[in-house]
Amino acid sequence: MYKDKSIVKEGKPLIKLSIPEQIKIGGFTYKVLYPYEFKERSEIFGQSDHALLEIRLKERDCGGVILPAARVIECLMHEIMHCVDYVYNSQGLGEEVISRLSNGLYQVWVDHYPGGIENGR
(Lines give C-alpha, C1' and ligand atoms only; values in the text may rest on other atoms or scores of the structure.)
Protein backbone atom coordinates (compact mmCIF):
# COMPACT_ATOMS: atom_id res chain seq x y z
CA MET A 1 0.00 0.00 0.00
CA TYR A 2 1.23 3.47 -0.84
CA LYS A 3 0.72 6.72 0.97
CA ASP A 4 0.08 9.53 -1.51
CA LYS A 5 1.56 12.77 -0.29
CA SER A 6 0.69 15.86 -2.31
CA ILE A 7 2.94 18.83 -1.80
CA VAL A 8 0.98 22.06 -2.10
CA LYS A 9 2.27 25.62 -2.32
CA GLU A 10 -0.01 28.64 -2.51
CA GLY A 11 -3.01 26.41 -3.12
CA LYS A 12 -1.44 24.71 -6.17
CA PRO A 13 -0.24 21.11 -6.09
CA LEU A 14 3.46 20.96 -6.94
CA ILE A 15 4.08 17.25 -6.93
CA LYS A 16 2.58 14.03 -5.72
CA LEU A 17 4.85 11.46 -4.11
CA SER A 18 3.82 7.87 -3.64
CA ILE A 19 5.86 6.56 -0.76
CA PRO A 20 5.24 2.95 0.30
CA GLU A 21 4.02 2.56 3.87
CA GLN A 22 6.20 -0.51 4.26
CA ILE A 23 8.92 -2.33 2.37
CA LYS A 24 9.79 -6.01 2.70
CA ILE A 25 13.52 -6.79 2.60
CA GLY A 26 14.55 -10.39 3.14
CA GLY A 27 12.17 -11.69 5.76
CA PHE A 28 11.78 -8.28 7.39
CA THR A 29 9.08 -5.69 6.86
CA TYR A 30 10.30 -2.14 7.39
CA LYS A 31 7.75 0.55 8.17
CA VAL A 32 8.38 3.74 6.17
CA LEU A 33 7.80 6.89 8.22
CA TYR A 34 7.26 9.88 5.93
CA PRO A 35 7.24 12.67 6.74
CA TYR A 36 9.49 12.25 9.75
CA GLU A 37 10.97 15.06 11.81
CA PHE A 38 14.44 14.38 13.18
CA LYS A 39 14.69 16.16 16.51
CA GLU A 40 18.12 14.86 17.46
CA ARG A 41 19.94 15.49 14.13
CA SER A 42 18.27 18.04 11.88
CA GLU A 43 20.92 17.82 9.13
CA ILE A 44 20.08 14.27 7.98
CA PHE A 45 17.45 13.45 5.34
CA GLY A 46 16.84 9.80 6.16
CA GLN A 47 17.67 6.98 8.54
CA SER A 48 17.13 3.24 8.75
CA ASP A 49 16.67 1.55 12.10
CA HIS A 50 17.21 -2.19 11.87
CA ALA A 51 16.17 -2.90 15.47
CA LEU A 52 12.79 -1.16 15.11
CA LEU A 53 12.48 -2.05 11.40
CA GLU A 54 11.86 1.53 10.35
CA ILE A 55 12.94 3.78 7.51
CA ARG A 56 12.54 7.45 8.36
CA LEU A 57 12.42 10.15 5.69
CA LYS A 58 12.45 13.88 6.17
CA GLU A 59 10.01 16.13 4.29
CA ARG A 60 11.70 19.49 4.90
CA ASP A 61 15.26 20.77 5.17
CA CYS A 62 16.68 22.52 8.24
CA GLY A 63 15.17 25.82 7.09
CA GLY A 64 11.68 24.36 6.69
CA VAL A 65 11.77 24.23 2.88
CA ILE A 66 10.08 21.19 1.33
CA LEU A 67 12.67 18.82 -0.13
CA PRO A 68 12.47 18.13 -3.87
CA ALA A 69 10.83 14.83 -4.78
CA ALA A 70 14.11 13.67 -6.32
CA ARG A 71 15.86 14.06 -2.96
CA VAL A 72 13.12 12.17 -1.09
CA ILE A 73 13.07 9.27 -3.58
CA GLU A 74 16.87 9.02 -3.72
CA CYS A 75 16.95 9.13 0.08
CA LEU A 76 14.41 6.29 0.22
CA MET A 77 16.60 4.24 -2.13
CA HIS A 78 19.65 5.08 -0.02
CA GLU A 79 17.96 3.79 3.14
CA ILE A 80 16.70 0.69 1.31
CA MET A 81 20.33 0.01 0.31
CA HIS A 82 21.31 0.21 4.00
CA CYS A 83 18.58 -2.31 4.82
CA VAL A 84 19.63 -4.66 2.01
CA ASP A 85 23.24 -4.36 3.21
CA TYR A 86 22.15 -5.14 6.77
CA VAL A 87 19.97 -8.14 5.85
CA TYR A 88 22.16 -9.73 3.17
CA ASN A 89 25.68 -8.40 3.69
CA SER A 90 26.25 -7.96 7.45
CA GLN A 91 26.69 -4.22 6.93
CA GLY A 92 29.81 -4.75 4.84
CA LEU A 93 29.25 -1.72 2.61
CA GLY A 94 30.42 1.71 3.72
CA GLU A 95 28.46 4.94 3.45
CA GLU A 96 30.29 5.98 0.28
CA VAL A 97 29.42 2.74 -1.52
CA ILE A 98 25.79 2.94 -0.34
CA SER A 99 25.59 6.51 -1.68
CA ARG A 100 27.03 5.54 -5.05
CA LEU A 101 24.69 2.58 -5.43
CA SER A 102 21.59 4.51 -4.37
CA ASN A 103 22.42 7.35 -6.79
CA GLY A 104 22.91 4.80 -9.57
CA LEU A 105 19.62 3.05 -8.82
CA TYR A 106 17.86 6.40 -8.63
CA GLN A 107 19.18 7.31 -12.09
CA VAL A 108 17.93 4.02 -13.54
CA TRP A 109 14.52 4.63 -11.92
CA VAL A 110 14.27 8.18 -13.29
CA ASP A 111 15.22 7.01 -16.79
CA HIS A 112 12.76 4.12 -16.88
CA TYR A 113 9.89 4.81 -14.50
CA PRO A 114 6.80 5.69 -16.56
CA GLY A 115 5.74 9.13 -15.41
CA GLY A 116 9.01 9.91 -13.67
CA ILE A 117 9.13 12.76 -11.21
CA GLU A 118 7.45 15.89 -12.51
CA ASN A 119 9.25 18.61 -10.57
CA GLY A 120 12.02 16.61 -8.99
CA ARG A 121 14.59 16.18 -11.73
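**Close-up 1. Strands S4 and S6 lie side by side as a parallel pair, joined by three bridges.** Everything shown in these views comes from a predicted model. S4 covers residues 28-33 and S6 covers residues 54-57. To find your way along the pair, start at Val32: its bridge partner in S6 is Ile55. Both Val32 and Ile55 will turn up again in the view of the core, where they are among the residues that touch the most other members.

**Close-up 2. Zooming out, four strands make up an open sheet with mixed pairing.** Reading across the sheet, the order is S3-S4-S6-S5. Which strands sit at the edges? They are S3 and S5 (46-49), each of which pairs on one side only. If you follow the strands across, neighbours are turned by 20 degrees against each other on average, with direction ignored.

**Close-up 3. S3 and S4 form a hairpin with two residues between them.** Here the two strands run antiparallel, and four bridges join them. In the turn, look for Gly26, which has a positive phi of about 65 degrees. Gln22 of S3 stands opposite Lys31 in S4. S3 also has two faces worth telling apart: Ile23 and Ile25 are on the covered one, while Gln22 and Lys24 are on the uncovered one. As a rule, side chains in a regular strand alternate between the two faces of the sheet.

**Close-up 4. The largest nonpolar core brings together 20 residues.** Five of its residues touch the most other members: Leu17, Ile19, Val32, Ile55 and Leu57. At least two core residues come from each of S2 (12-20), S3 (22-25), S4, S6, helix H1 (69-89) and helix H2 (95-112). Which element gives the most? That is H1, with eight residues.

**Close-up 5. Leu57 and its contacts from farther along the chain.** This view leaves aside neighbours within four places in sequence. What does Leu57 touch beyond them? Its contacts are Ile19, Val32, Leu33, Tyr34, Pro35, Tyr36, Phe45, Gly46, Cys75, Leu76 and Glu79. Two of these partners, Ile19 and Val32, are also listed with Leu57 among the core residues that touch the most other members.

**Close-up 6. Asp49, Glu54 and Arg56 are linked in a network of salt bridges.** Within it, Glu54 pairs with Arg56, and their closest N and O atoms are 2.8 Å apart. Are these two side chains' residues buried or exposed? Glu54 counts as buried at 18% relative accessibility, and Arg56 is buried too, with a relative accessible area of 7%. In general, side chains of opposite charge can pair when their charged atoms come close.

**Close-up 7. Two further salt bridges, Glu43 with Arg41 and Glu96 with Arg100.** The model has six salt bridges in total. Glu43 and Arg41 meet at 3.1 Å, N to O. Glu43 is partly exposed, with a relative accessible area of 48%, and Arg41 is likewise partly exposed, at 43%. For Glu96 and Arg100, the closest N and O atoms are 2.5 Å apart. How are Glu96 and Arg100 placed in helix H2? They are four residues apart, so about one helical turn separates them. Both Glu96 and Arg100 are exposed.

Terms used: Residues are numbered from 1 along each chain as its sequence is written. This is a predicted model: local features need pLDDT of at least 70, side-chain atom pairs count only at pLDDT 80 or more; totals for chains, interfaces and linings use all residues. Side-chain values use heavy atoms; hydrogens and water are left out. A nonpolar core is a set of buried Ala, Val, Leu, Ile, Met, Phe, Trp, Tyr and Cys residues joined through side-chain atoms within 4.5 Å. Buried means under 20% relative accessible area, exposed over 50%, partly exposed in between (1.4 Å probe, protein chains only). Contact means heavy atoms within 4.5 Å. Two strands pair if DSSP finds at least two bridges between them. Axes are lines fitted to C-alpha atoms, for helices over the stretch in contact, and angles run from 0 to 180 degrees between N-to-C directions. A salt bridge is a side-chain nitrogen of Lys or Arg within 4 Å of a carboxyl oxygen of Asp or Glu.
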